[in-house]
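Student: I have a model open on my screen and would like a close look at one part of it. Please start with the overall picture and then zoom in.

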Amino acid sequence: MQEAARGQEAAAHPTTNEPLTRPPGYAQTFAVPEFRAVFAAHALSLLGVIVSEIALSVLVYDLTGSPLLSALTFALGFLPYVVGGTLLAGVADRFPARRVLVICDLVCAACVALMVAPGAGIGVLLLLRCALAVVSPVFQGTRMATLADILGDGDLFVLGRSLLRIVSQSALLVGYGLGGLLLTVVTPRHALLITVGTFVASAVLLRAGTGHRPARTGARAGQGGQGALVGDSLRGARQVLAHPRVRALLLLFWIPPMFAVVPEALAAPYADALGAGSTGLGLLMCALPVGTIAGELYAGSRLRPATRERIALPLVCATLLPYVGYALRPGLTASLFLLLVSGAGSAYTLGLDQWFVRAVPEELRGRAMTLLTAGLMTIQGVGMALAGVAAQFTGVRTAVAGAGVLGTVCCALLALGARRTEGRDRADHDMTDR
């Protein structure tokens, strides 16, 4: 019965391998009831994460008066990703996806609830923050793999992924501001209680709104028949990285963002150097996400799937070039323009998404998606740290311009490597397009 339903859904929502009179639009993803549930749950989970980050940072500062410990709560949002993404990645394929997603949401709710408990010390708060960051890549990787089950592995998957990214970028624009306003009317602990509610609501939506699907690696894996979870996760990571095509695409997902975060990481000292004040700082922080949203919306709604794939590698090579303009000492307006253009170039991810889901073997899909998420978050944290080191010795403008030059060279080399691995994957796709 479930397979028949999937077949009907695939017929109603064709993939990129089928001829289309016009490209599917974002609205078609919402015609799939399960995607609507995933989308709503994503928005709720994201709201919970943002509010918890702000509230926990303020709570730690209130308890300690230490700016270092307050900032550390944000840093802990990046560092443990690599732990969950490598040691727990096997969860995404060893157990039914819906169960994994619901349990991850409930674990996050429980961790935040413990933060609210009376007497929770700084060590406990930071440990629970780490736990949230360990669970996050497992949740996100499993959700990404489930998206391919719900929408198919064609263009609707690409558009669904794009919508989730757009929501995440939009949250950067408004989420922290709204979180700050929330803390003017409630205490940090009460704000954390709101977060508990958002995680629980997300779990309910996923449980009620998505269908049951068996584990990808079979029942024996879920019962431990293939060894311990950690060992299986590490083996899965090695299997994923053993595929030249998948490895090349992972690097294309990871490396450009490491350089792309440099202007954001240095926005505060750059705004100070421009004399732009807090208003200028806010604009500089918003410009890159606005450009990213605009680029994704245009590529997703106006370009055909084949076009998005055709321009993916040229866009990868060009997206960091605007940073070189920082060497010309631009003012605030010109700097905002450079960031907007660079953000729009990140529309290359729509093409990469299609290649990635096509290249990854289905039995490794959950682990591959988890590894992608963990690597992306970790390397962005590394990029922010390296940006600070570079700016300390060379100055902010030189650091950003240098990121543009070095990042563009790296992207060009990675694009050449990805081109060499296309092989049969590209040939088969071109044949079906004709």
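How many helices and how many strands does the protein chain have? And at what angle do helix α7 and helix α8 pack?

Tutor: Happy to take you there. A word on the numbers: this is a predicted model, in which local features need pLDDT of at least 70 and side-chain atom pairs count only at pLDDT 80 or more, while totals for chains, interfaces and linings use all residues. Residues are numbered from 1 along each chain as its sequence is written, and side-chain values use heavy atoms, with hydrogens and water left out.

The protein chain has 22 helices and 0 strands; helices (H or I, at least four residues) and strands (E, at least two) are DSSP runs, numbered from the N terminus. Of its 434 residues, 51% count as buried, where buried means under 20% relative accessible area, exposed over 50%, and partly exposed in between (1.4 Å probe, protein chains only). Among contacts between residues at least 6 apart in sequence, 86% join residues at least 24 apart, a contact being heavy atoms within 4.5 Å.

Now to your pair. Helix α7 (residues 97–116) packs against helix α8 (residues 122–151) at an angle of about 160°, with the axes 9 Å apart. Axes here are lines fitted to C-alpha atoms, for helices over the stretch in contact, and angles run from 0 to 180 degrees between N-to-C directions. The two helices are therefore roughly antiparallel; angles over 145 degrees get that name, those under 35 are roughly parallel, 65 to 115 roughly perpendicular and the rest oblique. The crossing of α7 and α8 is left-handed, a label used if the near helix is turned anticlockwise from the far one by less than a right angle, with right-handed for clockwise.

On the α7 side, the contact includes Val 100, Cys 104, Cys 108 and Cys 111, and on the α8 side Leu 128, Leu 132, Val 135 and Phe 139 are among the partners. By class, this contact holds 17 nonpolar, 2 polar and 3 charged residues. For that sorting, Ala, Val, Leu, Ile, Met, Phe, Trp, Tyr, Cys and Pro count as nonpolar, Asp, Glu, Lys and Arg as charged, and the others, Gly among them, as polar.

Those cysteines may catch a biochemist's eye. A disulfide is a pair of cysteine sulfur atoms within 2.5 Å, and by this rule the count comes to 0. The sulfur of Cys 108 has its closest cysteine sulfur in Cys 111, 6.4 Å away, too far for a bond. Cys 111 is likewise in no disulfide. Cys 108 is buried, with a relative accessible area of 9%, and Cys 111 also counts as buried at 9%.

Another pair offers a contrast to try on screen. Helix α20 (residues 365–394) and helix α21 (residues 396–421) pack at about 130°, with their axes 7 Å apart, and are therefore oblique to each other. Their crossing is right-handed. Ala 390, Ala 391 and Thr 394 in α20 meet Val 396, Thr 398 and Ala 399 in α21; this contact has 4 nonpolar, 2 polar and no charged residues.
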